[in-house]
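Please open the structure in your viewer and keep the sequence beside it, so that each selection can be found in both places. The stops below can be taken in order, one selection at a time.

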Amino acid sequence: DGIWTVGTLDDKEAATLVLTTRVTASSGTIRNVATATGSTYDPNKSNNKDYDVTKPKAKPMADLGIIKVANVEKVKVGDKIIWTITVTNYGPDVAKNVRVKEVMTGDVEYISSRATRGSFDYLYSIWTIGDMEVGEEVVLTIVCKALTAGTVINTAEVVSDTPDPDMENNKDKAIVTVKKNNPTPDNPPKT
């Protein structure tokens, strides 16, 4: 109820109350006012009230966005597919420990990759980027070869240790259709 009942205080005696609170707002001003009253006459009421003002520090946030594209929509078995993943930090703060999970379904063979920042581990499908400044953009290119006919779906999702206020743009995918390599006079069927 916001009332601290102290009881009787002797002359020059002091009592202390410590309140622990949790900040639930990321902006604005917190004003804490305390007023002392008693049933005994107080000749000086000017020191019976005090207050403290705190401005909460906003929690760091970084809106990461990811775009995934393939260089083709359709290929034949044996053709190369080049995937390009672009990650951008839209801010307002630095994104800490950024990484991308890369999931590829379909029968493909990994050939190579190149990242403008960080390193890509194809075995574990993780692109480790590190910290990203506000406005920074990084790119990963992956080259694969289609091995069998079907559909290859490549999904990439970016996360970081910094809270992201908009998770809608953290995941993207690209789809490539792989067709059989029909035999021709220049490309006879394999026996």
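What follows is a walk through a pocket, some ring pairs, some salt bridges and a few points of the backbone, in a model that is predicted.

**The largest pocket**

Begin by selecting Trp4, Val6, Thr35, Ala36 and Thr37, which are the residues closest to the centre of the largest pocket, among the 31 that line it. The volume of this pocket comes to about 1200 Å³. Which strand gives the most to its lining? Select β1, residues 30-35, and you have that strand, since β1 contributes four residues to the lining. Strand β2, residues 49-54, can be added to the selection, because β1 and β2 each supply at least two of the lining residues. If you then colour the lining by residue class, you should find 12 nonpolar residues, 13 polar ones and six that are charged.

**A charge over a ring**

Next, select Arg31 together with Tyr51, and turn the view until you look across the ring. Arg31 lies over the face of Tyr51, at a distance of 4.0 Å from the ring centre.

**A cluster of rings**

Now clear the selection and show the side chains of Tyr110, Phe120 and Tyr122, which ring pairs link into a cluster. The model has three aromatic pairs in total. In one of them, Tyr110 and Phe120 have their ring centres 6.5 Å apart and their planes at 50°, an arrangement that counts as tilted. This pair links distant parts of the chain, as Tyr110 belongs to strand β7 (residues 108-115) and Phe120 to strand β8 (residues 119-121), with their positions 10 residues apart in the numbering. From Phe120, move on to Tyr122: here the centres are 6.2 Å apart and the planes stand at 65°, so this pair is edge-to-face.

Is Phe120 buried or exposed? With a relative accessible area of 15%, Phe120 is buried, while Tyr110 is partly exposed at 28% and Tyr122 is partly exposed at 29%.

**Salt bridges between parts of the chain**

The model contains five salt bridges, and the next selections show some of them. Select Lys96 and Asp131 to begin with, whose closest N and O atoms are 3.6 Å apart. Lys96 sits in strand β6 (residues 95-105) and Asp131 in strand β9 (residues 126-132), so this salt bridge ties together parts of the chain that are 35 residues apart in sequence. Both ends are partly exposed, Lys96 with a relative accessibility of 42% and Asp131 with 38%.

Staying with strand β6, select Arg99 and then Asp161, which form a salt bridge with closest N and O atoms 3.1 Å apart. Where does Asp161 lie? Asp161 is in the loop between β11 (150-159) and β12 (171-179), whereas Arg99 is in β6, and the two are 62 residues apart. Arg99 is partly exposed, with a relative accessible area of 26%.

Then select Lys145 and Glu109, where the salt bridge has a distance of 3.9 Å from N to O. Lys145 lies in strand β10 (residues 137-146) and Glu109 in strand β7, so that parts of the chain 36 residues apart in sequence are tied together by this pair. Lys145 is partly exposed at 29% relative accessibility, and Glu109 is partly exposed at 38%.

**Points along the backbone**

For the last stops, hide the side chains and follow the backbone. In strand β5 (residues 80-92), select Thr86, which is buried with a relative accessible area of 17%. The C-alpha atom of Thr86 is separated by 6.9 Å from that of Glu137, although the two residues are 51 apart along the chain. Strand β5 also holds Pro92, and the peptide bond that leads from Gly91 to Pro92 is cis, with omega near 15°.

Return to strand β6 and select Asn97, where phi is near 50°, a positive value in a residue other than glycine. Asn97 is partly exposed, at 32% relative accessible area. Finally, go to the segment before β1 and select Lys12, which has a positive phi of about 65° although it is not a glycine. Lys12 is exposed, with a relative accessible area of 78%.

How values were computed: Residues are numbered from 1 along each chain as its sequence is written. This is a predicted model: local features need pLDDT of at least 70, side-chain atom pairs count only at pLDDT 80 or more; totals for chains, interfaces and linings use all residues. Side-chain values use heavy atoms; hydrogens and water are left out. Rings of Phe, Tyr and Trp (its six-membered ring) pair if their centres lie within 6.5 Å; planes under 30 degrees apart count as stacked, over 60 as edge-to-face and the rest as tilted. Buried means under 20% relative accessible area, exposed over 50%, partly exposed in between (1.4 Å probe, protein chains only). A charge sits over a ring if NZ of Lys or CZ of Arg is within 6 Å of the ring centre and within 35 degrees of the ring normal. A salt bridge is a side-chain nitrogen of Lys or Arg within 4 Å of a carboxyl oxygen of Asp or Glu. On a 1 Å grid over the protein atoms alone, a cavity is a set of points where a 1.4 Å probe fits but cannot get out, and a pocket is an open set with protein on both sides within 12 Å along at least five of seven lines; lining residues have an atom within 4 Å of a point. Grid points are joined across faces, edges and corners, and a volume is the space filled by probe spheres set on the points. Ala, Val, Leu, Ile, Met, Phe, Trp, Tyr, Cys and Pro count as nonpolar, Asp, Glu, Lys and Arg as charged, and the others, Gly among them, as polar.
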